[in-house]
Amino acid sequence: MISVSDALDNLFSLCAPLDTERLPLREAAGRVLAEDAVAKRDQPPFASSAMDGYGVRVEHPQPGDRFTVIGESAAGHSYDGTLGDGEAVRIFTGAPVPEGVTRVIIQEDVRREGDGITVTETLSENRNIRPLGGDFKSGDRITAPRRLSAQDVALLAAMNIPEVTVHKRPTVAIISTGDELVMPGETPGPSQIIASNAFGLSAMVEAAGGIARMLPIAPDDETLLRATFEMAADADLIVSIGGASVGDHDLVGKVVESLGLDRAFYKVAMRPGKPLMAGRLGAALMLGLPGNPVSAMITARLFMIPAMDVLQGLPPSPAPRHKAVLMAPVSANGPREHYMRAIQKSDGVQPFSRQDSSLLSILSQANVLLVRPPHDPAREAGETVEVIRL
């Protein structure tokens with residue numbers, strides 16, 4: 001049994017970024033940039049007005065100064081003439097600033113009568129002009145690796161970049177195991193339950209940028225389980241749920257070893273989530289997660305998502321930890337309710353204020369979970385602990 005940090009180090013050593021592909025910018029959101037994106041133009045491409053108002057060539061207009069309006073500059077329609085002393089150009093936000101204009105007086109600071117304007121207020125030092133290249137210049141770059149947000153995509157478009165090079169999305173094959181499982185909507189037998197984990201994990205995979213392939217439920221039969229794993233042979237990451245422990249019906253370890261698993265570790269010193277397995281199965285990375293729903297979600301957050309990040313070209317990094325304050329004592333080695341307790345709002349973490357440790361409460365109400373080593377000492381209310389977000 002190894003520590004969480006050692007398990008992550010082992011896992012990251014098994015991961016390598018996937019190949020790259022060129023994508024239209026419209027399809028790039030959420031993907032990880034694999035090559036620097038270099039601006040092809042300046043932004044703004046000309047000095048432009050930051051406000052609606054009047055452009056003049058006077059450094060410090062004073063209240064009472066008068067100007068004659070000789071033209072107009074609007075977005076997409078510049079004024080191409082040259083201003084003289086005592087002249088002004090009506091100008092709108094985003095419009096090019098005509099040659100010679102040194103300041104835009106906002107329209108609220110003047111009174112207009114016909115073709116004349118009079119300054120009515122004491123003006124600020126702000127000239128209300130956005131300089132050419134003030135946002136970025138040709139040759140500026142967005143550096144890789146970087147997961148592209150909506151803001152990044154807008155910036156890339158402004159940089160006149162129609163396509164980007166990104167890492168491919170990892171295909172994640174998800175295998176639920178066990179005779180006790182049936183799919184949602186089916187009628188369970190007297191000893192059966194609904195297979196929920198695969199749906200939650202699939203949602204996590206898609207949210208993290210992957211492609212989830214939910215394979216048929218694999219019963220507790222070595223031949224059928226082997227056939228299911230063979231169906232996942234072309235995946236980048238194979239995630240099995242349940243069956244990786246040491247019970248008579250836990251067959252995953254035996255089957256994947258017969259298929260050539262190069263196992264990196266088995267069992268991690270944490271609760272919940274101790275029975276965790278990882279290795280390489282052919283060309284794929286393989287993770288064997290516990291079957292308990294809370295344990296499956298937690299180990300996926302701690303191990304599956306960071307591994308997916310590396311496959312997509314991001315640097316190895318553990319799941320972020322957050323500081324929180326216990327609102328109730330936690331025993332040294334108690335049942336599950338002692339590992340999920342009310343956590344006071346702290347460091348941006350929302351509290352889970354109920355003393356209810358049921359699965360429904362944990363998964364539907366908690367957005368953080370306390371993860372502990374198996375022999376972590378008791379903690380008192382008011383102590384600061386590290387938690388992870390679900």
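The largest pocket of this predicted model has a volume of about 220 Å³. By pocket I mean, on a 1 Å grid over the protein atoms alone, an open set of points where a 1.4 Å probe fits, with protein on both sides within 12 Å along at least five of seven lines. Grid points are joined across faces, edges and corners, and the volume is the space filled by probe spheres set on the points. The lining, defined by an atom within 4 Å of a point, consists of 13 residues, and those closest to the pocket centre are Arg321, Val371, Arg372, Pro373 and Asp376. By class, 7 of the lining residues are nonpolar, 1 is polar and 5 are charged. Here Ala, Val, Leu, Ile, Met, Phe, Trp, Tyr, Cys and Pro count as nonpolar, Asp, Glu, Lys and Arg as charged, and the others, Gly among them, as polar.

Two remarks on conventions. Residues are numbered from 1 along each chain as its sequence is written, and side-chain values use heavy atoms, with hydrogens and water left out. As this is a predicted model, local features need pLDDT of at least 70 and side-chain atom pairs count only at pLDDT 80 or more, while totals for chains, interfaces and linings use all residues.

I turn to the protein as a whole. Its secondary structure comes to 7 helices and 26 strands; these are DSSP runs numbered from the N terminus, with helices (H or I) of at least four residues and strands (E) of at least two. Of the 390 residues, 45% are buried, that is, under 20% relative accessible area; exposed means over 50%, and partly exposed lies in between, with a 1.4 Å probe and protein chains only. Among contacts (heavy atoms within 4.5 Å) between residues at least 6 apart in sequence, 67% join residues at least 24 apart.

Next, helix α2. Which residues of α2, residues 150–158, are buried? They are Asp152, Val153 and Leu156. Viewed down the axis of α2, the buried residues fall within an arc of 100°, so they line one face of the helix; the arc is that of the directions from the helix axis to the C-beta atoms. An α-helix has 3.6 residues a turn, so residues three or four places apart point the same way. Against which strands do the buried residues of α2 pack? The strands are β3 (37–38), β12 (141–142), β13 (146–147) and β14 (163–167). Ala150 and Gln151, on the other side of α2, are exposed.

Just before this helix, Leu148 sits in the loop between β13 and α2. Leu148 is buried, with a relative accessible area of 3%. Leaving aside neighbours within four places in sequence, Leu148 is in contact with Ala28, Ala29, Gly30, Arg31, Leu33, Leu156 and Val164. One of these partners, Ala28, is 120 residues away along the chain, yet the two C-alpha atoms are separated by 6.9 Å.

A second buried loop residue is Gln312, between α6 (293–311) and β23 (321–326). Its relative accessible area is 2%. A polar atom of the Gln312 side chain lies 2.9 Å from the backbone oxygen of Ala208. Residues up to four places away in sequence not being counted, Gln312 touches Val32, Arg147, His167, Lys168, Pro170, Ala208 and Gly209.

By way of contrast, consider Lys137, in the loop between β11 (129–130) and β12. Is Lys137 buried or partly exposed? Lys137 is partly exposed, at a relative accessible area of 41%. Its C-alpha is 9.6 Å from that of Val38, and the two residues are 99 apart in sequence.

Finally, the backbone geometry. Most residues other than glycine have a negative phi, and most peptide bonds are trans. Where are the cis peptide bonds to be noted here? One joins Gln43 and Pro44, with omega about -10°, and Pro44 lies in the loop between β3 and β4 (48–49). Another joins Ala144 and Pro145, with omega about -5°; Pro145 is found in the loop between β12 and β13.

As for phi, Asn160 has a positive value near 65° although the residue is not glycine. Asn160 follows α2, in the loop between α2 and β14, and is partly exposed, with a relative accessible area of 45%. Lys267, also not a glycine, has a positive phi of about 80°. Lys267 lies in the loop between β20 (262–266) and β21 (277–281) and is partly exposed at 27% relative accessible area.

Technical notes
Polar contact = N/O pair within 3.5 Å; in protein donor to acceptor, adjacent residues only side chain to side chain.
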